[in-house]
Amino acid sequence: MTIALSNLPYDLDALEPYVSTETLSFHYGKHHRGYVDKLNMLVEGTSFAGLSLEDIITKARETSEIDILNNASQAWNHAFLWESMSPSGGFKPSGQIEEMIENEFGDLDSLKHQFMQAALSHFGSGWIWLVQDGSSLRILTTGNADSPIGTQMTPLLTLDVWEHAYYLDYKNERKRYIESFLDRLINWNFAASNLTDQEAHQAA
Ligand code: FE
């Protein structure tokens, strides 16, 4: 069993003009596919073959298999990224996640501000995450291919700040790219669908 390239949940031109068809074609069709293909090559015939992507990440981290960890993590992160955006994104969150945002950040604008600051102050390539940590929300950044998978935190949504994610459309203007994500693309329904039930969680 090999790891499959996850489906893009919308057409390649669906995020125009905020993410161009050209960017998405390369990002999904070349970069994401490249990580999946490399991973399948690396795990073939090893004790990683046949494991789920999440299990590969956890095991590779434990055994310091850095090449496998990086490619598995990038395969997972990109699949999660596509779901974190939507052609009809940028709407106001509602329900439980809205309540959690208010409790943690005060309001949505404050969350966006903190997300922006985290993204702008992150040096080099990496990922910005909204995660659930117990009953609260947190924004965190990871470098290069790293992710919160295998920690006690649950990823709710992510943004890719590798230059390949935005350079064709925004050149060096990372701030405008992040604004487009926060105001036009962010998919709160996906974030809400990733919330874990804390009572069930604590009882487990
Ligand atoms: Fe990427």
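Which residue forms a salt bridge with Asp146, and how far apart are the closest N and O atoms? Let's work through this and a few related tasks on this predicted model.

**Exercise 1.** Find the salt-bridge partner of Asp146 and place both residues in the chain.

*Solution.* Start with the partner: Asp146 pairs with Arg61, and the closest N and O atoms are 3.3 Å apart. Next, locate the two ends: Asp146 sits in the loop between strand 2 (136-143) and strand 3 (154-160), while Arg61 belongs to helix 2 (residues 53-62). The pair links distant parts of the chain, 85 residues apart. Finally, check accessibility: Asp146 is partly exposed at 37%, and Arg61 is partly exposed at 30%.

**Exercise 2.** Decide whether Lys112, the salt-bridge partner of Asp183, is buried or exposed.

*Solution.* First, the contact: the closest N and O atoms of Asp183 and Lys112 are 3.0 Å apart. Asp183 lies in helix 7 (residues 174-185) and Lys112 in helix 5 (residues 108-121), so this salt bridge ties together parts 71 residues apart in sequence. Now apply the cut-off: buried means under 20% relative accessible area. Lys112 has 15%, so Lys112 counts as buried. Asp183, at 39%, is partly exposed.

**Exercise 3.** Work out how Glu179 and Lys175 are separated along helix 7.

*Solution.* Glu179 and Lys175 form a salt bridge, with their closest N and O atoms 3.0 Å apart. Both residues are in helix 7, four residues apart, which means about one helical turn separates them. Glu179 is partly exposed at 31%, and Lys175 is partly exposed at 43%.

To round off the tally, the model has five salt bridges.

How values were computed: Residues numbered from 1 in each chain as written. Predicted model: local features only at pLDDT ≥ 70, side-chain atom pairs only at ≥ 80, totals over all residues. Heavy atoms only, no water. Salt bridge = Lys/Arg side-chain N within 4 Å of Asp/Glu carboxyl O. Buried < 20%, exposed > 50% of the residue type's maximum accessible area, 1.4 Å probe, protein only.
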